[in-house]
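Me: I would like to go through the charged side chains of this model with you, one question at a time.

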Amino acid sequence: SRSIIDVNRDPSGASLYPGQATTELCPTTTFDGEPLYQTGAAPDAADVAERRRLYFEPYHAALAAEIARLKAKHGRVALYDAHSIRSRIPRLFDGELPLFNLGTNSGAACSPALREKLGAVLAASGETHVVDGRFKGGWITRSFGRPQEGVEAVQMELGCRAYMAEPEAIGPENWPTPLDPARADATRLTLRKTLETLLAFVGDKR
């Protein structure tokens, strides 16, 4: 659970978004700023180090090994890191988040031509979208994306309204809401085109 440790954060604890609200490597609050621990019970430095050893490091070692295996076999690798988040979280961003949020670490995690092609797919969807907006890609995208070495990495952050109806006021009694097939079907079309474009770029000929 990312409430125990977030494998998409800088393991040093440094913020990926300096000057902006975010959650820590071992979060102590929700995205809304509500405390996850009782007073005095939050993880200390030793707890954080133990969680890194038990969970963060094995996860990233496994991911690195898989990327190396695929790169040895195919020469080039596409890493697609997928997330979703509520469309309105005042603590993290103003107003409503675009439906599709593509992160490339400001162009450092993938080739410029791929960034342009994926941006065009999102533009053609007719939905709100942004490239390297509020979410530019987390630690996974930033640490593994090395286009000059044949690893093209991007992050897709979806507004949850892409596949469900989001209530105005969210609480335990109404969240999460069920999958909305109509919303999900429309979103799948764009996501499929995104993945096809990504695979074609790295030379998948299957």
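Me: Are R9 and D6 buried or exposed?
Reply: This is a predicted model, and the term used here applies to a residue under 20% relative accessible area. D6 has a relative accessible area of 3%, and R9 falls in that class together with D6, so the word for both residues is buried.

Me: How far apart are N and O in the salt bridge where the side chains of D6 and R2 meet?
Reply: The D6 partner in this pair is buried, whereas R2, with a relative accessible area of 40%, is partly exposed. Their side chains meet in a salt bridge, for which the N to O distance is 2.7 Å.

Me: Which residues are linked with D6 in a network of salt bridges?
Reply: D6 meets the side chain of R2 in a salt bridge at 2.7 Å, and the side chain of R9 also meets D6 in a salt bridge, at 3.5 Å from N to O. Because each contact lies within 4 Å, both count as salt bridges. The residues linked with D6 in the network are therefore R2 and R9.

Me: Where do R69 and E66, which form a salt bridge, both lie?
Reply: The closest N and O atoms of R69 and E66 are 2.8 Å apart, and both residues are partly exposed, R69 at 44% relative accessibility and E66 with a relative accessible area of 34%. They are three residues apart, about one turn of the helix, and the element that holds both is helix 1 (residues 45-74).

Me: How many salt bridges does the structure hold?
Reply: The pairs discussed above include R69 with E66 and D6 with R2. These are among the salt bridges of the structure, whose total is 10.

How values were computed:
Residues numbered from 1 in each chain as written. Predicted model: local features only at pLDDT ≥ 70, side-chain atom pairs only at ≥ 80, totals over all residues. Heavy atoms only, no water. Buried < 20%, exposed > 50% of the residue type's maximum accessible area, 1.4 Å probe, protein only. Helix = DSSP H or I, 4+ residues; strand = E, 2+ residues; numbered from the N terminus.
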